Number of protein chains: 2
Amino acid sequence: MAMEGFKSAPLPTIRRIPVYLRVLEEMQEEGQEWASATDVATRLDLKPIQVRKDMAFTGLAGVPKRGFKVDELISAIRDFLGWDKPTDAFLVGAGALGSALMGFAGFKDHGLNIVAAFDTASEKLGTTIHGKEILDLTRFKELAQRMHIEMGIITAPAVSAQRIADLMVEAGIKGIWNFSPVPIKVPDDVAVQREDLSVGLAVLSVKLSSLSPEK
Amino acid sequence: MAMEGFKSAPLPTIRRIPVYLRVLEEMQEEGQEWASATDVATRLDLKPIQVRKDMAFTGLAGVPKRGFKVDELISAIRDFLGWDKPTDAFLVGAGALGSALMGFAGFKDHGLNIVAAFDTASEKLGTTIHGKEILDLTRFKELAQRMHIEMGIITAPAVSAQRIADLMVEAGIKGIWNFSPVPIKVPDDVAVQREDLSVGLAVLSVKLSSLSPEK
């Protein structure tokens with residue numbers, strides 16, 4: 001799925017990569033053929049040396065004074081992220097956040113295809129969100145195994161998060177994107193990425209209070 | 001808004017604080033009166049020494065062998081985060097994600113009160129989401145100034161994010177929570193916290209491919 005060189009990239013580099021991708025796609029739309037680390041750095045208000053180091057992980061060799069071919073760099077990055085081959089995912093928790101994620105068209109460009117959503121609330125079952133039927137959670141394991149689903153998305157409340165994670169692991173899911181407000185425990189061979197809005201809000205609250213003139 | 005000691009806390013500590021808060025609230029619900037760093041660490045699968053160091057930033061003195069009074073620690077943390085006094089926020093971009101955020105009841109516990117949502121699409125204006133009317137973006141500045149709004153939330157597409165950020169700054173907003181897929185530029189006296197789902201997805205994709213047995 002990913003290029004060898006990239007796998008060893010440090011986490012901060014991995015976090016910056018999708019941002020570079022967006023900038024490069026902008027350049028591509030504008031008809032720009034070449035992009036240097038300095039071009040990318042300027043658009044993002046980063047230091048060129050940092051961008052240069054990150055780019056080195058692509059394994060692509062830049063041309064002096066011109067940089068990289070925009071098309072090639074985009075392909076290398078998409079390949080690295082596995083975004084060139086879509087990953088099918090099952091989502092559990094068809095509430096407001098789950099619905100928003102299912103409606104987020106941008107995921108298609110990011111190689112993520114949410115193929116089904118599951119819930120336990122009987123009034124939701126059989127209804128559709130963005131054209132996809134909400135299925136009963138009891139069918140999760142059977143369907144995940146039959147369709148060889150590797151990625152699971154948890155948008156359920158805190159109280160059921162661990163139970164859903166256990167079910168996903170049992171069903172053979174290898175990567176879990178956890179939007180519930182609690183951490184989950186999984187075996188070492190399962191990857192977890194947690195998105196906790198209260199963490200972002202905490203960081204913003206503290207930044208805001210550090211800026212305010214009151215003592 | 002925040003305690004002095006906490007302001008100097010490093011970012012990783014700040015990120016862990018809301019997670020501690022949730023665990024402590026669980027303990028409170030279970031009727032536990034005292035919590036030690038080890039108790040908290042065990043529930044989160046963290047090292048006790050790390051929790052102990054983070055807790056030191058609260059300025060509270062623990063009691064040997066018992067730890068902290070759960071109620072007092074919760075108050076100290078909520079005070080630190082400014083979550084004891086709700087912050088009013090305006091949201092711009094009443095799409096799927098904006099609606100999900102407006103419907104997220106958890107924000108009330110996190111001291112965030114989204115008081116109004118703005119958009120430019122004429123078909124959305126005058127309709128309501130979770131009981132709040134969608135207002136015309138042209139009214140943002142006047143209303144933000146009149147209501148002394150300090151926090152803005154951007155859930156608009158990439159193409160309009162910077163324009164909205166500029167408008168927020170002009171209207172006196174001091175903290176911006178940016179959910180659009182692009183970074184925004186603001187003056188130094190404005191705090192920004194970015195939530196970019198493509199970053200989380202990138203990290204998960206790379207973790208997933210590092211785990212998979214294929215070369």
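This passage describes the relation between chains A and B, the interface they form, and selected local features of chain B in a predicted model.

Two copies of a chain are related by a rotation about an axis and a shift along it. In the present model, a turn of 180° combined with a shift of 0.0 Å along the axis lays chain A on chain B with an RMSD of 0.0 Å, which is the relation of a two-fold axis. The residue of chain A that comes closest to this rotation axis is A:Ala100, whose C-alpha lies at 3.1 Å. Of the interface residues of chain A, 100% are also interface residues in chain B, so the copies meet through the same surface.

At this interface, 61 residues of chain A are in contact with 62 residues of chain B. The two chains bury about 5,200 Å² between them, and 74% of that area falls on carbon and sulfur atoms. The count of salt bridges between chain A and chain B is zero, whereas six residue pairs, both members at pLDDT 80 or more, are found in polar contact across the interface. On the side of chain A that touches chain B, at least two residues each are supplied by α1 (4-7), α2 (11-29), α3 (37-44), α5 (70-81), α6 (96-102), β8 (175-178), β9 (191-194) and α10 (197-211) of chain A. The largest share of that side, 15 residues, comes from α10(A).

Within chain B, helix α9 (residues 158-170) has as its buried residues B:Ser160, B:Ala161, B:Ile164, B:Ala165 and B:Met168. These residues cover an arc of only 150° around the axis, which puts them on the same side of α9(B). An α-helix has 3.6 residues a turn, so residues three or four places apart point the same way. The exposed residues B:Val159 and B:Arg163 are carried by the face of α9(B) turned away from its buried side, while the cover over the buried residues includes β3 (87-92), α8 (140-146), β7 (151-154) and β8 (175-178) of chain B. After α9(B) comes B:Gly172, which has a positive phi near 95°.

Positive phi values also occur in chain B at two histidines, neither of which is a glycine. B:His130, with a phi of about 45°, lies in the loop between β5 (128-129) and β6 (132-136) of chain B. B:His148, with a phi of about 50°, is placed in the loop between α8 and β7 of chain B; because its relative accessibility is 66%, B:His148 counts as exposed.

Technical notes: Residues are numbered from 1 along each chain as its sequence is written. Chains are lettered from A and ligands numbered from 1 in the order in which they are written. This is a predicted model: local features need pLDDT of at least 70, side-chain atom pairs count only at pLDDT 80 or more; totals for chains, interfaces and linings use all residues. Side-chain values use heavy atoms; hydrogens and water are left out. Copies are superposed by least squares on the C-alpha atoms of residues with pLDDT of at least 70 in both. Contact means heavy atoms within 4.5 Å. Buried means under 20% relative accessible area, exposed over 50%, partly exposed in between (1.4 Å probe, protein chains only). Helices (H or I, at least four residues) and strands (E, at least two) are DSSP runs, numbered from the N terminus. The arc is that of the directions from the helix axis to the C-beta atoms. Buried area is the accessible area (1.4 Å probe) that two parts lose on being put together, summed over both. A salt bridge is a side-chain nitrogen of Lys or Arg within 4 Å of a carboxyl oxygen of Asp or Glu. A polar contact is a pair of N or O atoms within 3.5 Å; within protein, one must be able to donate a hydrogen and the other to accept it, and residues adjacent in sequence count only if both atoms are side-chain atoms.
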